[in-house]
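Biologist: I have the viewer open and a cup of coffee ready. Could you take me through the reasoning behind the labels?

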Amino acid sequence: MRHVIIGVGAAGMTAARRIRELEPVAEIVMVSKDEHVHSRCMLHHYLSGHRDERTLNFVSEDFFVRNNITWLPSVAVQALVPERKNLILTNHQVICYDKLLIATGADSFMPPIGDFPTASNVFGLRNLSDAQAIGAYIRPQGKVVIVGSGLVGMDAAYALLERQMDVTVVEMAERILPLQLDEVAGQEYRKRFEQAGCKFLLGRKASETVTDGQNRVCQLVLDDGTTLNCNLVIVAAGVHPALGWGLGSGLEGERSISVNDCMETNLPDVYAAGDVTGLSGIWPNAMKQGRIAAENMCGFRMCYEDTYALKNTINFFGLVTLSLGKGQVQEGDQVVVSEDRHCYKRAIIRDHKLDSILLQGNIDYAGIYQYLIKKQIPLEQGQDIFKTSFADYYKVRLDGQYEYQL
Amino acid sequence: MKRIMIDDSKCDGCKNCSAACMQAHREPAGSIYDLDMSDPKNETRNHILADGKGGYRPIFCRHCTLPECAMSCMSGALNKEKDTGLVRYDEKKCGACFMCVMNCPYGVLKPDTLTRTKVIKCDFCLEADSEPSCVKNCPKKAIWVQEVQA
């Protein structure tokens with residue numbers, strides 16, 4: 001049996017490890033555009049200079065040797081030929097598979113604003129190659145404009161402030177990290193970023209660019225006419241599935257590959273997992289999808305069930321935040337807020353069940369909230385949500401594993 | 001694999017396990033008599049909660065069969081070891097994103113209080129001795145180590 005996996009991100013690597021556990025002697029081949037296995041969530045540590053290609057790796061250095069996996073790095077897939085069960089690579093190599101997993105992830109979305117798509121100093125921050133390219137433009141007091149104040153944008157801002165760059169963040173919403181934080185929690189980070197020298201232009205959109213003679217954006221024009229000088233632009237405006245070649249191969253899906261609960265595509269023996277499926281590709285979900293795909297590729301019928309994706313943790317300047325749920329208040333909701341010098345907490349309770357929670361400053365032992373939201377556990381009358389802990393649902397199984405007693 | 005088993009009905013909340021955990025992981029080493037329990041550097045990896053009805057709930061890392069913490073670790077710092085079954089934590093690899101804290105369904109993990117750069121996580125006292133020090137120091141034998149299928 002030969003398993004072929006395209007992509008060495010969270011989904012692909014988890015799948016490879018799981019296939020090896022289930023089938024000690026099967027052949028496993030991995031193909032990746034990436035030259036180095038790296039964690040996309042840690043690219044800002046590369047920009048800040050705290051990590052290098054080697055320390056961005058999220059598996060052991062001898063992963064491929066130890067798991068007896070053939071890895072073909074720095075090569076992309078040109079075509080999938082399902083009738084012959086093979087892949088054609090950009091180096092013209094042809095690889096046959098018995099089972100195929102497509103885990104190619106996503107690429108940065110580059111909005112069609114001015115010369116963004118073609119300029120040489122405008123980047124997304126998704127792959128190590130992006131971070132490497134950005135690296136050439138990092139210099140103290142160099143002017144960088146970051147478009148978008150989501151997690152990727154703020155990660156980039158944090159890293160480049162550490163490198164003494166002059167950082168300006170442009171955000172459409174009226175506050176930073178608008179999807180994860182409310183006004184109060186966002187303000188705490190904003191203060192800290194501003195103290196570190198970061199400038200924010202909120203409620204503003206980039207609308208035009210001015211390019212110098214060498215194909216570099218040197219000015220960004222905003223929708224209110226403000227002009228920002230820049231040496232470097234980072235666009236953090238979301239991602240789209242990385243699937244240039246795939247959908248012409250008979251794979252079903254519009255912008256992403258459609259899969260069923262078992263991570264199967266419409267083509268026989270072809271599976272997909274992670275961002276490329278258009279399902280949530282956040283790290284833990286991508287790992288779970290990879291694991292489920294692997295089990296099905298090895299003949300065990302398993303379903304992807306834990307699809308909850310509205311979750312994030314944030315850690316800037318030593319201030320940690322946990323955010324679960326949409327955080328949108330509807331009519332009839334109960335909003336509970338608790339605040340002290342170190343900590344801000346807000347919970348939205350809908351129909352006696354926890355809908356969203358935001359904890360800033362102290363997230364100790366807060367793992368249970370995700371379970372309460374995912375499983376829609378009814379809360380008791382008068383239950384203090386911020387004092388709720390696993391002690392309230394405590395049960396120990398015979399094998400010592402905990403479980404929820406409801 | 002070995003797991004720290006818990007009989008919560010025997011626990012009387014004395015917190016000897018927590019003190020023993022602090023002592024086992026303190027730096028620099030010293031005797032239990034000079035352990036500063038109010039120093040936030042000395043954090044316990046387990047904790048005991050009252051159930052509000054006179055009983056206690058010992059919260060210890062389960063080194064779960066399917067560990068959610070390791071399944072959400074974007075740096076590879078948390079891994080379930082094949083041979084021992086223990087979920088090991090590599091502080092040097094950790095990216096301090098704390099997705100593991102959010103994803104532990106039992107609320108066992110926490111960021112370190114002082115620096116928020118690492119996770120406070122049970123290591124089964126592997127470096128030190130044959131038996132976890134919490135287990136050795138429980139006067140009620142409410143916790144013990146047992147081989148389980150996982």
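Biologist: Which feature does UniProt place at residues 2–290 of chain A?

Modeller: The UniProt record, an unreviewed entry, puts "domain: FAD/NAD(P)-binding" there. Keep in mind that what you see is a predicted model. In this model, the end C-alpha atoms of residues 2–290 of chain A lie 17 Å apart, and the span is 22% helix and 26% strand.

Biologist: How is chain A divided into domains?

Modeller: Domain 1 takes residues 2–107 + 240–297, domain 2 takes 122–237, and domain 3 takes 311–404. Between the centres of domain 1 of chain A and domain 3 of chain A there are 34 Å, taken over C-alpha atoms.

Biologist: What makes the contact of Arg18(A) with Glu21(A) a salt bridge?

Modeller: The cut-off is a side-chain nitrogen of Lys or Arg within 4 Å of a carboxyl oxygen of Asp or Glu. For Arg18(A) and Glu21(A) the closest N and O atoms are 2.6 Å apart, so the pair meets the definition. Both residues sit in helix α1 (residues 10–22) of chain A, three residues apart, about one turn of the helix. They also belong to a network of salt bridges with Arg291(A) and Glu295(A).

Biologist: Is Arg18(A) called buried or exposed, and why?

Modeller: Buried means under 20% relative accessible area. Arg18(A) has 17%, so it is buried. Its partner Glu21(A) has 37%, and because the band for partly exposed lies between 20% and 50%, Glu21(A) is called partly exposed.

Biologist: What about Arg350(A): why does that residue count as buried?

Modeller: Its relative accessibility is 19%, and the label needs a value under 20%, so Arg350(A) counts as buried. Arg350(A) forms a salt bridge with Asp355(A), with the closest N and O atoms 3.3 Å apart.

Biologist: How do you know that Glu403(A) and Lys395(A) meet in a salt bridge?

Modeller: The N to O distance is 3.2 Å, set against a limit of 4 Å. Glu403(A), at 24% relative accessibility, counts as partly exposed, and Lys395(A), at 33%, is partly exposed too. By this rule the count comes to 35 salt bridges over all chains.

Biologist: Why are β21(A) and β22(A) said to pair?

Modeller: Two strands pair if DSSP finds at least two bridges between them. Strand β21 (residues 334–339) and strand β22 (residues 344–350) of chain A have six bridges, in the antiparallel sense. They form a hairpin with four residues between them. Val335(A) lies in strand β21 of chain A and stands opposite Ile348(A) in β22(A).

Biologist: What makes Val335(A) part of a nonpolar patch on the surface?

Modeller: A patch residue needs over 30% relative accessible area. Val335(A) is at 35%, so it counts as partly exposed and passes that cut-off. With Val329(A) and Val337(A) it forms a nonpolar patch of about 220 Å² of accessible area together.

Biologist: What is notable about phi of His92(A)?

Modeller: It is positive, about 70°, although His92(A) is not a glycine. His92(A) is in the loop between β5 (86–89) and β6 (94–96) of chain A. At 62% relative accessibility, against a cut-off of over 50%, His92(A) counts as exposed.

Biologist: Why is the peptide bond from Glu27(B) to Pro28(B) called cis?

Modeller: Omega is near -10° for that bond, and it is cis. Pro28(B) is in the loop between α1 (16–25) and β2 (47–50) of chain B.

Note on methods: Residues are numbered from 1 along each chain as its sequence is written. Chains are lettered from A and ligands numbered from 1 in the order in which they are written. This is a predicted model: local features need pLDDT of at least 70, side-chain atom pairs count only at pLDDT 80 or more; totals for chains, interfaces and linings use all residues. Side-chain values use heavy atoms; hydrogens and water are left out. Domain bounds come from an automatic or database domain assignment. Helices (H or I, at least four residues) and strands (E, at least two) are DSSP runs, numbered from the N terminus. Patches are made of residues with over 30% relative accessible area and no salt bridge: like charges are joined within 9 Å, nonpolar side chains (Val, Leu, Ile, Met, Phe, Trp, Tyr) within 5 Å. Accessible areas come from the Shrake-Rupley method with a 1.4 Å probe; for residues, only the protein chains shown count as cover. Buried means under 20% relative accessible area, exposed over 50%, partly exposed in between (1.4 Å probe, protein chains only). UniProt positions are given in the numbering used here, feature names are shortened, and annotations may be inferred rather than shown by experiment.
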